[in-house]
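Subject: Structure for you to look at

Hello,

Here is the structure I said I would pass on. Please open it next to this email and follow along; the notes come after it.

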Amino acid sequence: MLRIGVLDEDVIDPNTDEIEKALKQLEALRCEDNTYAILEVPNSEFNFIQTLFDEDSITLEFQKSDTEEQYSTSIKDTKKIIEVFRKYNEGNTSWKNNFDWKEVGY
């Protein structure tokens, strides 16, 4: 399921086009409140991945299923966020190795 905050919309079992459309909408609305998206894929090694668009940056986070540890990184390119969401949705976790992650303490 893909939850799109600012649009108050959920997309069940999104395809790649729906993911790209939603993330581009978030980018265009980045000055609004709740410009985030959360993607959950059943039976994944992650509970979710999520992104938050701010005026100047994009934050990408994921949470591991087994430990519930959460990690974060900052990315400037929406195309990279779209690529990560697509790969995660397809079950491909190679995106995890493409960024420097910092553990988030909650």
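I start with one pair of side chains. E20 and K24 meet in a salt bridge, with 2.8 Å from N to O. Please keep in mind that this is a predicted model, and that goes for the distances below too.

**The salt bridges**

Both E20 and K24 belong to helix α1, where they sit four residues apart, about one turn of the helix. Is E20 buried or exposed, or something in between? Its relative accessible area is 23%, so E20 is partly exposed. K24 also counts as partly exposed, at 44% relative accessibility.

E20 has a second partner. R86 forms a salt bridge with E20, and here the closest N and O atoms are 2.5 Å apart. This pair links distant parts of the chain, since R86 is in helix α2 and E20 is in helix α1, with their positions 66 residues apart. R86 has a relative accessibility of 26%, which means that R86 counts as partly exposed. Taken together, E20, K24 and R86 are linked in a network of salt bridges.

How many salt bridges does the structure hold? There are six. One that I looked at apart from the network joins the side chains of E69 and K64, at 4.0 Å from N to O. E69 is partly exposed, with a relative accessible area of 27%, and K64 counts as partly exposed at 26%.

**The two helices**

The bridge between R86 and E20 joins α2 to α1, which leads to how these helices pack. Two packed helices are described by the angle between their axes and the distance between the axes. For α1 and α2 the angle is about 145°, and the axes are 10 Å apart. The crossing of α1 past α2 is right-handed.

Which residues make the contact? From α1 they are T16, I19, E20, L23, K24 and E27, and from α2 they are T78, I81, I82, F85, R86, N89 and E90. By type, the residues of this contact divide into five nonpolar, three polar and five charged.

T78 is worth a separate look. T78 lies in helix α2, which covers residues 78-90. Buried means under 20% relative accessible area, and T78 is at 6%, so T78 is buried. Not counting neighbours within four places in sequence, T78 is in contact with L23, E27, F53 and I58.

**The sheet**

In what order do the strands of the sheet run? Seven strands form an open sheet in the order β2-β1-β3-β4-β5-β6-β7, and the pairing is antiparallel. The edges are β2 (9-11) and β7 (102-104); each has a single partner strand, so one side of each is left without a neighbour in the sheet. From one strand to the next, the twist averages 20°.

Going through some of the pairs:

- β1 and β3 run antiparallel and are joined by three bridges. L2 stands opposite L39 in β3.
- β3 and β4 also pair in the antiparallel sense, over four bridges. Y36 stands opposite L52 in β4. These two strands form a hairpin with six residues between them, and N43 in the turn has a positive phi of about 60°.
- β5 (residues 58-64) and β6 (residues 70-75) pair in the antiparallel sense over six bridges. Q63 has Q70 in β6 as its bridge partner.

**Helices on the sheet**

Where does α1 lie relative to the strands? Helix α1 (residues 16-28) lies across β1 (2-4), β2, β3 (36-39) and β4 (46-53), and runs at about 20° to β1. Helix α2 packs on the sheet as well, touching β1, β3, β4, β5 and β6. The direction of α2 makes about 160° with that of β4.

If you want a route through the model, begin at E20, which is linked with K24 and R86 in the network. Then go to T78, the buried residue at 6%, and on to F53 and I58, which are among its contacts. After that, trace the open sheet from β2 to β7 in the order given above.

Regards

Technical notes:
Residues numbered from 1 in each chain as written. Predicted model: local features only at pLDDT ≥ 70, side-chain atom pairs only at ≥ 80, totals over all residues. Heavy atoms only, no water. Buried < 20%, exposed > 50% of the residue type's maximum accessible area, 1.4 Å probe, protein only. Contact = heavy atoms within 4.5 Å. Pairing = 2+ DSSP bridges. Axes fitted to C-alpha atoms, helices over the stretch in contact; angles between N-to-C directions. Left-handed = near helix turned anticlockwise from the far one by under 90°. Nonpolar A, V, L, I, M, F, W, Y, C, P; charged D, E, K, R; others polar.
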